[in-house]
Amino acid sequence: MELNKNLQILAQKMMAYAVSQMYPGALIAQDQLIEDGFRYAFYVPNEVISSNDFNRIKAQMKRLYDSNPKITYTVKSLAELNEVFKNNKFKLAAIHNAKQEQFDVIIINNFIDLCPNLGIDRLPKVDWLELVNVSGIYFQGNANEQQLVAIDGWIVDNQVDHDNFKAYLQDKLERDHRKIGAELELFTFDDSVGKGLPIWLENGANVKFMLEDYCRELLLRNEFHFVQTPILGTVDLYKTSGHWDHYRENMFPVLAFDDEAYVIKPMNCPHHIRVFQHKSHSYKELPYRIAEFGIQHRYESSGSLTGLERVRQMQLVDTHTILMHSQIKSEIKRFFNIILEAHKTLGTELYSIDLSLHDPNDKEKFFDNPEMWKNAENQLRSALKALKVPFKEVVGEAAFYGPKIDMQMKTATGHIVTISTIQLDFLLPERFNLEYIDDQGKKARPVFIHAGIIGTFERYMAILLEQTKGVLPSWLSPIQVMLMTVNNEKHYKFAKRMQLKLLKLGIRARLDDSDNRISKKIRDAQIHKIPYQIVIGDNELNSKDIVYREYGKNEEVKIPLTKFISLLKKKIKNRIK
């Protein structure tokens, strides 16, 4: 659901007016539209604003609304605004940074602020406005500047939209992978370990291992061969590849000792090229396909780190294919179908497909070889048209070495992120002098394809949790069966034998033998979204049957244990929900 941007801006100004009235000495500092509404940051000396003040701020806004304030839009000169904001260094910085002589402004009674002409002279009812968050931020993001108080909110112009948008935000909150990850105890972060360095907890590691098993099986079935390469690479390796010139700002600092210099691996492609070059190859061996679950480190600013969506250490389901020019279209189609099969099996949906092209005017970011770019981009464009899939072309989003097909997904926070990708590369074969022996016995230059089925495990896990709300299929669930004893003294030994039997058969079973009441055990299993829950009581001790409840269902099913095991193993084997 999209909000009316002009309404957000006017509400933002009205809130700033109200706050400036309520807090003597408060200065309006910096405003912005955010994804789900608006934000205004204030400098409020000797005062604390918290969410407890939201109702007071809304009440003041309502008084302003009821007074029918005069709202006008006009233009002010730089000299006039210098006088208006002479005691407000924040606004002075904004107008001076703009390097303009005239500015659009809004005037509400005696309140003035920078603002384009919105064409609105009255705010909708304050009943349809919500203030949702207060946070501390630094002016212009600079930690050396003064700290500001930022208030977030949103507004609509009718009750139906108000109720619908509140429901949308609640659903969005429930889908946030950070919230789900904490509830299901999948992963955590610890600043003493390092910002952006995910720690996979027991449950999360189980899910990740299942994803690895599936991806390995899928790639092996499609004639990829797995390798394992070092987590370090020499600076010279990345100078040869071109990453040193084009990607250095995203690398961690160089590790230097004696006469050697290394970087922590930011990508796997240079290593995989060296795998190919360890011996000579004939055209009969092409396409030459290799894969690796490669651990990579990339420096991201602390402000951009977002749960598992954006991290500094990641593990990529990475593949590289070395092939002849004549094999390009068939290989792209082949890998495209591998990606579609993976998302179908895993139950995740793509948002869009982009053909990411270079910007011919940007000679610094993209390798300067117009003919190479034209050839590579036409090859990908032709392959996508042959696949008959909708796509859009995006200029300037290619890798420095070549164009790519980016398969995008939308996160719960509204970010569009690349998950799966196919990149066509004519440059690295030149830089590394890649060769194969053709059918005439002569040396020939191959083509290089970088491709990822599901991107990194970290980002894919974030998407998977958000699209499923954490309700994972039984084959992928970290705990597949929760056994719960009614009475530990009477039922523990029987329940433990059953757990060990399930574990021996490859079923991830856990036993809740706590002293909690059975109702709480069941509730805890539901909260953790465990697919199957089995209560062990007196009836089960002398019976070959068990009674299970499936997550999301109220009815209990009585079934022989052997039949239940067969049912679950079939689901696991066939990777069905």
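## Around Ser241

Leaving aside residues up to four places away in sequence, Ser241 touches Pro270, Phe400, Leu428, Arg431 and Phe432. Keep in mind as you look around that this is a predicted model. Ser241 belongs to helix α8, which covers residues 235-241. How buried or exposed is Ser241? Its relative accessible area is 0%, so Ser241 counts as buried. The side chain of Ser241 also has a polar partner: a polar contact of 2.6 Å joins it to the side chain of His243.

One of the residues that Ser241 touches, Pro270, is itself buried and sits in helix α10. That helix runs over residues 269-276, and because six of its eight residues are buried, α10 is largely enclosed by the rest of the structure. The buried residues in α10 are Cys269, Pro270, His271, His272, Ile273 and Phe276.

## The whole protein

Now for a step back to the overall picture. The protein has 577 residues, and 50% of them count as buried. It holds 18 helices and 27 strands, and its C-alpha trace spans about 80 × 75 × 55 Å along the principal axes.

If you are thinking about contact maps, take the contacts between residues at least 6 apart in sequence: 71% of these join residues at least 24 apart. As for the surface, the protein exposes about 28200 Å², with carbon and sulfur atoms supplying 48% of that area.

## The annotated domain

An unreviewed UniProt entry carries the annotation "domain: Aminoacyl-transfer RNA synthetases class-II family profile", which covers residues 211-473. In the model, this span is 32% helix and 29% strand. The C-alpha atoms at its two ends lie 12 Å apart.

## Helix α4 and its surroundings

Helix α4 spans residues 89-98, and its buried residues are Phe90, Lys91, Leu92 and Ile95. What do these buried residues pack against? Their partners are the strands β1 (27-34), β2 (37-43), β4 (102-108), β5 (111-114) and β7 (147-155), together with helix α3 (78-84).

Both ends of α4 are worth a look. At the N-terminal end, Asn88 acts as a cap, with a side-chain oxygen 3.0 Å from the backbone nitrogen of Phe90. After the helix comes Lys99, whose phi is positive, near 55 degrees.

## Salt bridges

Side chains of opposite charge can pair when their charged atoms come close. Across the whole structure, a search finds 36 salt bridges. One of them pairs Lys13 with Asp31, and the closest N and O atoms are 2.6 Å apart. Lys13 lies in helix α1 (residues 5-22) and Asp31 in strand β1, so this pair ties together parts that are 18 residues apart in sequence. The two partners have these accessibilities: Lys13 counts as buried at 1% relative accessibility, while Asp31 counts as partly exposed at 31%.

Lys91, one of the buried residues of α4, meets Asp113 in a salt bridge with an N to O distance of 2.9 Å. This pair links distant parts of the chain, with Lys91 in helix α4 and Asp113 in strand β5, 22 residues apart. Lys91 and Asp113 are both buried. A further salt bridge joins Arg178 to Asp176, where the closest N and O atoms are 2.8 Å apart. Here Arg178 counts as partly exposed at 37% relative accessibility, and Asp176 counts as buried at 13%. Which residues do shared partners bring into one network? Salt bridges that share partners join Lys13, Asp31, Lys91 and Asp113.

## A nonpolar surface patch

What forms the nonpolar patch on the surface? The patch is made of Ile231, Leu232, Leu255, Phe257 and Ile295, which together have about 380 Å² of accessible area. Leu232, one of these residues, is found in strand β11, which covers residues 232-234. With a relative accessible area of 33%, Leu232 is partly exposed.

Conventions: Residues are numbered from 1 along each chain as its sequence is written. This is a predicted model: local features need pLDDT of at least 70, side-chain atom pairs count only at pLDDT 80 or more; totals for chains, interfaces and linings use all residues. Side-chain values use heavy atoms; hydrogens and water are left out. UniProt positions are given in the numbering used here, feature names are shortened, and annotations may be inferred rather than shown by experiment. Helices (H or I, at least four residues) and strands (E, at least two) are DSSP runs, numbered from the N terminus. Buried means under 20% relative accessible area, exposed over 50%, partly exposed in between (1.4 Å probe, protein chains only). Contact means heavy atoms within 4.5 Å. A polar contact is a pair of N or O atoms within 3.5 Å; within protein, one must be able to donate a hydrogen and the other to accept it, and residues adjacent in sequence count only if both atoms are side-chain atoms. Patches are made of residues with over 30% relative accessible area and no salt bridge: like charges are joined within 9 Å, nonpolar side chains (Val, Leu, Ile, Met, Phe, Trp, Tyr) within 5 Å. Accessible areas come from the Shrake-Rupley method with a 1.4 Å probe; for residues, only the protein chains shown count as cover. A salt bridge is a side-chain nitrogen of Lys or Arg within 4 Å of a carboxyl oxygen of Asp or Glu.
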